Amino acid sequence: MNDEPLTLSRSVEDYLKVIYALTERGEPASTSSIAEGLDVQPASVSGMVKRLAEAGFVEHLPYKGVRLTEGGTREALKIVRRHRILETYLSERLDYSWDDVHAEAERLEHAASDELIERMAAALEDPRHDPHGAPIPTPAGDVETTNYATLAEVAEGDEVEIRAVSDDDSELLRFLESRGLMPRVRLVVEERDPFEGPITLKLAGPGGALQRLGVDLARRIYVAPVRKTGGDE
Ligand SMILES: [Zn+2]
């Protein structure tokens with residue numbers, strides 16, 4: 001292994017992170033989706049993607065955009081680790097609310113040294129998930145695979161546990177919190193209206209009221225099925 005640390009520019013880090021996030025959600029990293037994720041014009045994306053390909057971080061997939069190479073994935077996971085450790089530290093140690101940590105971590109992730117990040121991780125006793133439920137990669141670049149479905153895909157009558165939610169929209173996070181829709185909460189999908197209509201759900205446990213959620217919102221909530229353990233729950 002090369003012991004000379006590789007210093008990437010802030011924009012390269014942001015590109016790798018966005019491409020990783022798209023892949024993590026199972027979406028193709030096309031020019032338009034990268035542009036949308038970075039909030040820039042598609043025209044400016046093409047040039048940078050070309051440079052990333054020349055540097056060996058991404059490779060082109062015919063008609064689908066790009067995907068990270070092994071080296072690109074390794075660099076992306078480093079940035080993702082920084083981001084998620086920062087979010088967790090801000091939330092757990094500095095009492096930031098979960099809708100404030102993302103923007104702060106976006107700023108700090110490019111500036112914090114590896115030493116600072118690892119000291120934060122140690123102070124937190126190596127957290128596995130960030131405040132939004134996303135897995136934190138290890139320093140070696142291992143990360144839990146998350147093949148979560150979204151709440152929009154859950155069949156009527158199924159019980160699921162919320163595992164993660166989109167982290168980049170503060171307004172959405174405040175709304176989800178007000179409805180009690182946070183990681184580790186369990187719920188049952190009572191009814192799905194046809195034609196992309198709203199989903200009616202009920203939080204598990206006593207006193208869980210029925211609530212309706214638009215399908216667009218449900219797509220930003222990641223869930224896993226609850227394994228029935230038998231007995232009367
Ligand atoms: Zn975040």
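His-83, Leu-86, Glu-87, Leu-90 and Ser-91 of helix 4 touch Val-101, His-102, Glu-104, Ala-105, Glu-106 and Leu-108 of helix 5 (contact means heavy atoms within 4.5 Å; helices are DSSP runs of H or I with at least four residues, numbered from the N terminus). By class, this contact has five nonpolar, three polar and three charged residues (Ala, Val, Leu, Ile, Met, Phe, Trp, Tyr, Cys and Pro count as nonpolar, Asp, Glu, Lys and Arg as charged, the others, Gly among them, as polar). The model is predicted: local features need pLDDT of at least 70, side-chain atom pairs count only at pLDDT 80 or more, and totals for chains, interfaces and linings use all residues. Residues are numbered from 1 along each chain as its sequence is written, and side-chain values use heavy atoms, with hydrogens and water left out.

Helix 4 spans residues 70-93 and helix 5 residues 101-108. Their axes come within 9 Å and cross at roughly 130° (axes are lines fitted to C-alpha atoms over the stretch in contact, with angles from 0 to 180 degrees between N-to-C directions). Helix 4 is therefore oblique to helix 5 (not under 35 degrees, over 145 or 65 to 115).

The domain assignment, automatic or from a database, gives domain 1 (1-146) and domain 2 (149-225). Their centres, taken over C-alpha atoms, lie 26 Å apart. Ten residues from domain 1 and 14 residues from domain 2 take part in the contact. About 910 Å² is buried between the domains, 59% of it from carbon and sulfur atoms (buried area is the accessible area, 1.4 Å probe, that two parts lose on being put together, summed over both). Trp-98, Asp-99 and His-132 supply 67% of the area that domain 1 buries against domain 2. No other three residues supply more.

How values were computed: Helix = DSSP H or I, 4+ residues; strand = E, 2+ residues; numbered from the N terminus.
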